[in-house]
Amino acid sequence: MTDRLMLLDTASLYFRAFYGVPDKVTAPDGSPINAARGLLDIIAKLVTLYEPTHVVACWDDDWRPQWRVDLIPSYKTHRVVEVVESGPDVEEVPDPLEAQIPLIRETLAAIGIPIVGVAEYEADDVIGTLATTATMPVDIVTGDRDLFQLVDDARDVRVIYTARGMSNLEIVTDATVVAKYGVLPSQYADFATLRGDASDGLPGVAGVGEKTAATLLQAHADLEGIRAAAEAGEGMSAGVRAKLLAASAYLDVAPTVVAVATSLPLTAPDVPLRVLDPAEVDAATALADKWNLGGSMTRAVAAVSDAALKAG
């Protein structure tokens, strides 16, 4: 069986789990556990369906890095609930979900999935680096379109897109990105820069939507080519040229914000999925009993073990 690395956009998945599992599911002491249970079931399904040999939970050590904010102050501003002078700002996260983060980390450890984060970087950047430097095929699991920029058929890097729900997962390849947006994955970051993204506080170029962005990239290959054409007054209407020139200050900095990092000083942990030994199974069972994780833990342990056995 060929090795295959699965990179989890962990926060994307535990937010989905939190909103997808009823909050009436609680631990014996009444603590919320819906996100932890839901994430275990998500992982069990993903491992069963796609049979990775390695899984890494990529983590937001800094969900809103200051270096990105310095370039575009509106970056994720609407999700800040508390500004912290000496460290990452506090993100708007429902209290019942925030309370489950330590348990989520504990459950990942219990089933043998390493967590990887990097100070001052987002999980997207960890994923970008691990996907780019991997020596095996890669599946990126996320509900975030920004990671479409990493899709690469030639290197067998694809996205398992969760935005339409776990029962309607979509495999995103080069052809998928072209069909959806009219651009190649390698052009997607420039496309997103031009279009903007309100969910990330990225304004984009005023008056330039997806169709215009795609048309410009089809004609001029990349943002550098588009800006050169605008400066020369060639290859676009006067109206579009005026919009691009008016957005020069934004276009000077936005590509650095939108592009995920691909050269952080880290490598994927060489920790393949494996069959848990009896002591580890007992520990996972004890954790499940303590927190009422029920069949979710059982299914995750079984899925990981089955995948390890298939990998040989």
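Here is a chat between a student and a tutor about a predicted model, with each label set against its cut-off.

Student: Why is T53 called buried?

Tutor: T53 has 4% relative accessibility, and buried means under 20%, so T53 counts as buried. You'll find T53 in the loop between α2 and β2.

Student: What makes the link between T53 and H54 a polar contact?

Tutor: The side chains of T53 and H54 are joined at 2.8 Å, and the limit for a pair of N or O atoms is within 3.5 Å. Those two are adjacent in sequence, and such residues count only if both atoms are side-chain atoms; here the contact does join side chains. The T53 side chain also has a polar atom 2.9 Å from the backbone nitrogen of R4.

Student: How do you know that β1 is largely enclosed?

Tutor: Count the buried residues: 5 of the 5 in β1 are buried, so the rest of the structure largely encloses that strand. Both faces are covered, with L5, L7 and D9 buried on one side and M6 and L8 buried on the other.

Student: What makes β1 and β2 a pair?

Tutor: Pairing takes at least two bridges, and 5 bridges join β1 to β2, which run parallel. One of the matches puts L5 with H54 as its bridge partner in β2. By that rule β1 also pairs with β6, in the parallel sense over 4 bridges, and there L5 stands opposite V138.

Student: Why is the pairing in the sheet called mixed?

Tutor: The open sheet has 6 strands in the order β5-β2-β1-β6-β7-β8. β1 and β2 run parallel, whereas β7 (residues 157-161) and β8 run antiparallel, joined by 3 bridges. Both senses turn up, which fits the mixed label. In the β7 and β8 pairing, Y161 stands opposite E170.

Student: And what packs on that sheet?

Tutor: Helix α1 (residues 10-20) does, touching β1, β2 and β6, with its direction at about 60 degrees to that of β1. Helix α2 (residues 34-50) packs on the sheet too; α2 touches β1, β2, β6, β7 and β8, and its direction makes about 155 degrees with that of β1.

Student: Why is the F18 and Y19 pair called edge-to-face?

Tutor: Start with the centres: they are 5.0 Å apart, and rings pair within 6.5 Å. Next, the planes make 80 degrees, and over 60 counts as edge-to-face. That settles the label for F18 and Y19.

Student: Are those two rings' residues buried or exposed?

Tutor: One of each. F18 has a relative accessible area of 11%, so F18 is buried. Y19 comes out at 59% relative accessibility, and exposed means over 50%, so Y19 counts as exposed.

Student: What makes F148 and Y181 a tilted pair?

Tutor: Their centres are 6.3 Å apart, under the 6.5 Å limit. The planes make 45 degrees, neither under 30 for stacked nor over 60 for edge-to-face, so tilted is what's left. F148 lies in the loop between β6 and β7 and Y181 in helix α7, so the pair ties together parts 33 residues apart in sequence. Both F148 and Y181 are buried, and they belong to one aromatic cluster with Y161, Y188 and F191.

Student: Which residues have the most contacts inside the largest nonpolar core?

Tutor: That core has 58 residues, and L7, I140, L194 and L244 have the most contacts inside it. Beyond its neighbours within four places in sequence, I140 is in contact with residues including L7, I127, L147 and V159.

How values were computed:
Residues are numbered from 1 along each chain as its sequence is written. This is a predicted model: local features need pLDDT of at least 70, side-chain atom pairs count only at pLDDT 80 or more; totals for chains, interfaces and linings use all residues. Side-chain values use heavy atoms; hydrogens and water are left out. Helices (H or I, at least four residues) and strands (E, at least two) are DSSP runs, numbered from the N terminus. Contact means heavy atoms within 4.5 Å. Axes are lines fitted to C-alpha atoms, for helices over the stretch in contact, and angles run from 0 to 180 degrees between N-to-C directions. Buried means under 20% relative accessible area, exposed over 50%, partly exposed in between (1.4 Å probe, protein chains only). A polar contact is a pair of N or O atoms within 3.5 Å; within protein, one must be able to donate a hydrogen and the other to accept it, and residues adjacent in sequence count only if both atoms are side-chain atoms. A nonpolar core is a set of buried Ala, Val, Leu, Ile, Met, Phe, Trp, Tyr and Cys residues joined through side-chain atoms within 4.5 Å. Rings of Phe, Tyr and Trp (its six-membered ring) pair if their centres lie within 6.5 Å; planes under 30 degrees apart count as stacked, over 60 as edge-to-face and the rest as tilted.
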